[in-house]
Structures are given as structure tokens and as C-alpha cells.
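Trainee: I have a new structure open, and I would like to understand the words people use for it. Could we go through them together?
Mentor: Happily, let us look at it.

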Amino acid sequence: MPWTKDNYPVSLKNFMAPVRNKAIEIANALLNEGMAEERAIPIATARAEEWATNRNMKIRKNKAA
């Protein structure tokens, strides 16, 4: 199932929008290559985090104290 900015895995809800969007982009590409969702989500998450880190971007939203 391809994901969108409005419909994405729950595991991405605490990510900043640019990082979440990159993870969605990567996950959809992996799905198009035939990868199972169960593998695509964690791989896309890790790659999006790396992408953001390399750009000195904030990765996750602040958690409430």
C-alpha cells in the first residue's frame, strides 16, 4: 500500500514533516521494488534519519514533559 503525507505508518507520527516525508518516499520506492511492508518501514525510517542527520535537520518532534 503506497503511503502519502496524510496516510502513513503510525511509527512515523513523531517525526518532523520533512523527515517523515522522506521516509514515505523511500518506503514507497522500496515497495515498488517488491519489498514487504514489514521490511520497508524500518529501512525507510533508518535511511530518512540518516538523510536528516547528514543535513543537520531535527528528526523528531519534542516530546511533552
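Mentor: Helices (H or I, at least four residues) and strands (E, at least two) are DSSP runs, numbered from the N terminus. This is a predicted model, where local features need pLDDT of at least 70, side-chain atom pairs count only at pLDDT 80 or more, and totals for chains, interfaces and linings use all residues. Residues are numbered from 1 along each chain as its sequence is written, and side-chain values use heavy atoms, with hydrogens and water left out.

Trainee: Where is Thr-45 placed?
Mentor: Thr-45 sits in helix α2, residues 37-54.

Trainee: Why is Thr-45 called buried?
Mentor: Buried means under 20% relative accessible area, exposed over 50%, and partly exposed in between (1.4 Å probe, protein chains only). Thr-45 has 15%, so Thr-45 is buried.

Trainee: Which residues does Thr-45 touch, not counting those up to four places away in sequence?
Mentor: Leu-12 and Phe-15, where contact means heavy atoms within 4.5 Å.

Trainee: How do you know that the span of helix α1 agrees with what is expected?
Mentor: The expected span is 1.5 Å times one less than the number of residues. For the 16 residues of α1 (residues 17-32) that should be 22 Å, and the end C-alpha atoms are 22 Å apart, so the two agree.

Trainee: What do the buried residues of α1 pack against?
Mentor: They pack against α2; among these buried residues are Val-19, Ala-23 and Leu-30.

Trainee: Which residue with a positive phi follows α1?
Mentor: Gly-34, with phi near 100°.
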